[in-house]
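User: I'm new to this structure and would like a close look at its empty spaces, beginning with the pocket. Could you walk me through what lines it, and then move on to the ligand and whatever else belongs in the picture?

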Amino acid sequence: MRPVIIAANWKMNTTPADAGELAATIAARTEEPEVVRVICPPYVCLAAVRDALAGTNVAVGAQNVHHEAAGAYTGEISAAALAGLATWVILGHSERRRDALESDELIGKKLARAVSSGLRPILCVGEMLAEREAGRAVEVVAAQLHGALAGKDIETLLSAGFVIAYEPVWAIGTGRTASAADAAAMAEAIRATLSADLRWGAAAEQVPVLYGGSVTSANIGEFLAEHSIDGGLVGGASLKPDEMAGMVARAAITARARAEATGKSA
Ligand code: PEP
């Protein structure tokens, strides 16, 4: 049974002065043991968030990591530097593909570094609006998966808890979402790409696929009603404790229903 995950991407919001309090408030308002919760603040807020979340089971994630172990990379952060601060990492977010020109090949290197350093990766994929309108969404996402995952060891990724987030670029921060049916179809296409093209076989079914793109407490239920979608990667709404409480509460309903269904069929 795949976990149900709500991952908060705080992007370039919060400061070390206020991030800890926000994280502690969210942790207290989202206590649902069935749901995996992750908060990904800016790098400089990681220590404050880690401290605020001590004693909770909310995990801390970074929003990026460098692919090299160390060296002359001004302004970058290594996986080793994240030790003790973060256990998860977001990779290939479309804002980094756009602003830092990250390629699939580079993202694949970051993925390898993250996994070998003990970080649990969330690999983001998603198409642009023009690509969807041209009927190329699945092709684009499949190419992103090929670029980042070709040649990677499946067992290593699975034991690292590898997660994929399907985030249509046109839905991020726009208030516009994919339809739940389209998101579910893409989640299935992602697993089909892993299973057949990348030769993961049945192991593809073990990979959680999240939906991201203007998720809120009001719309998350539509996505979580889809069997192929295992939670959300949430930007704007993740900065609001009321929103996080609503999203995690809804995620807990899905997690409990899945556990019950598994128990019944076992
Ligand atoms: C994101 O940051 O990954 C995201 C999906 O943002 P938002 O929820 O604001 O669209």
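Analyst: Helix 4 makes the biggest contribution to the lining of the largest pocket, giving four residues. This is a predicted model, so please read everything here as computed from it. The largest pocket holds about 440 Å³ of space. Its lining counts 16 residues, and those nearest the centre are Lys11, Met12, Gln63, Asn64 and Arg96. Sorted by class, the lining of the largest pocket has six charged residues, along with five nonpolar and five polar ones.

Lys11 is a good name to carry forward, for it turns up again at the ligand. There, 14 residues stand around the ligand, and the ones that come nearest are Lys11, Glu167, Gly173, Ser214 and Gly235. A polar atom in the side chain of Lys11 sits 2.9 Å from a ligand oxygen. Asparagine 9 also uses its side chain: one of its N or O atoms is 3.0 Å from an oxygen atom of the ligand. With glycine 236 the partner is a polar backbone atom, 2.8 Å from an oxygen of the ligand. How much of the ligand does the protein bury? On its own the ligand would expose 290 Å², and the protein buries 96% of that. As for the character of the shell around the ligand, eight of its residues are polar, four are nonpolar and two are charged.

Glu167 gives us a bridge to the next space. Besides coming near the ligand, Glu167 helps to line the largest cavity. There is one cavity of 30 Å³ or more in the structure, and the largest cavity contains about 30 Å³ of space. Together with Glu167, its lining is made up of Gly92, Ser94, Arg97, Cys124, Val125, Gly126, Gln144, Val169 and Ile172. Two elements give two or more residues to that lining: helix 4, residues 94-99, and strand 5, residues 120-125. So helix 4 appears at both the largest pocket and the largest cavity, under the DSSP numbering from the N terminus. By class, the lining of the largest cavity divides into four nonpolar, four polar and two charged residues.

Now for the second largest pocket, with about 260 Å³ of space. Of its 15 lining residues, His227, Thr254, Ala257, Arg258 and Ala261 are the closest to its centre. Which helix gives the most to this lining? That is helix 11, residues 241-265, with seven residues. The second largest pocket is lined by six nonpolar, six charged and three polar residues.

To finish, here is a look at the aromatic rings. The structure has three aromatic pairs. One of them joins phenylalanine 162 and tryptophan 200 in a tilted arrangement, with 6.0 Å from centre to centre and 40° between the planes. This pair links distant parts of the chain, since its members are 38 residues apart. Phenylalanine 162 belongs to the loop between helix 8 (154-159) and strand 6 (163-166), while tryptophan 200 lies in the loop between helix 9 (180-197) and strand 7 (209-212).

Technical notes. Residues are numbered from 1 along each chain as its sequence is written. This is a predicted model: local features need pLDDT of at least 70, side-chain atom pairs count only at pLDDT 80 or more; totals for chains, interfaces and linings use all residues. Side-chain values use heavy atoms; hydrogens and water are left out. A residue is near a molecule or strand if one of its heavy atoms lies within 4 Å of it. A polar contact is a pair of N or O atoms within 3.5 Å; within protein, one must be able to donate a hydrogen and the other to accept it, and residues adjacent in sequence count only if both atoms are side-chain atoms. Accessible areas come from the Shrake-Rupley method with a 1.4 Å probe; for residues, only the protein chains shown count as cover. Ala, Val, Leu, Ile, Met, Phe, Trp, Tyr, Cys and Pro count as nonpolar, Asp, Glu, Lys and Arg as charged, and the others, Gly among them, as polar. On a 1 Å grid over the protein atoms alone, a cavity is a set of points where a 1.4 Å probe fits but cannot get out, and a pocket is an open set with protein on both sides within 12 Å along at least five of seven lines; lining residues have an atom within 4 Å of a point. Grid points are joined across faces, edges and corners, and a volume is the space filled by probe spheres set on the points. Rings of Phe, Tyr and Trp (its six-membered ring) pair if their centres lie within 6.5 Å; planes under 30 degrees apart count as stacked, over 60 as edge-to-face and the rest as tilted.
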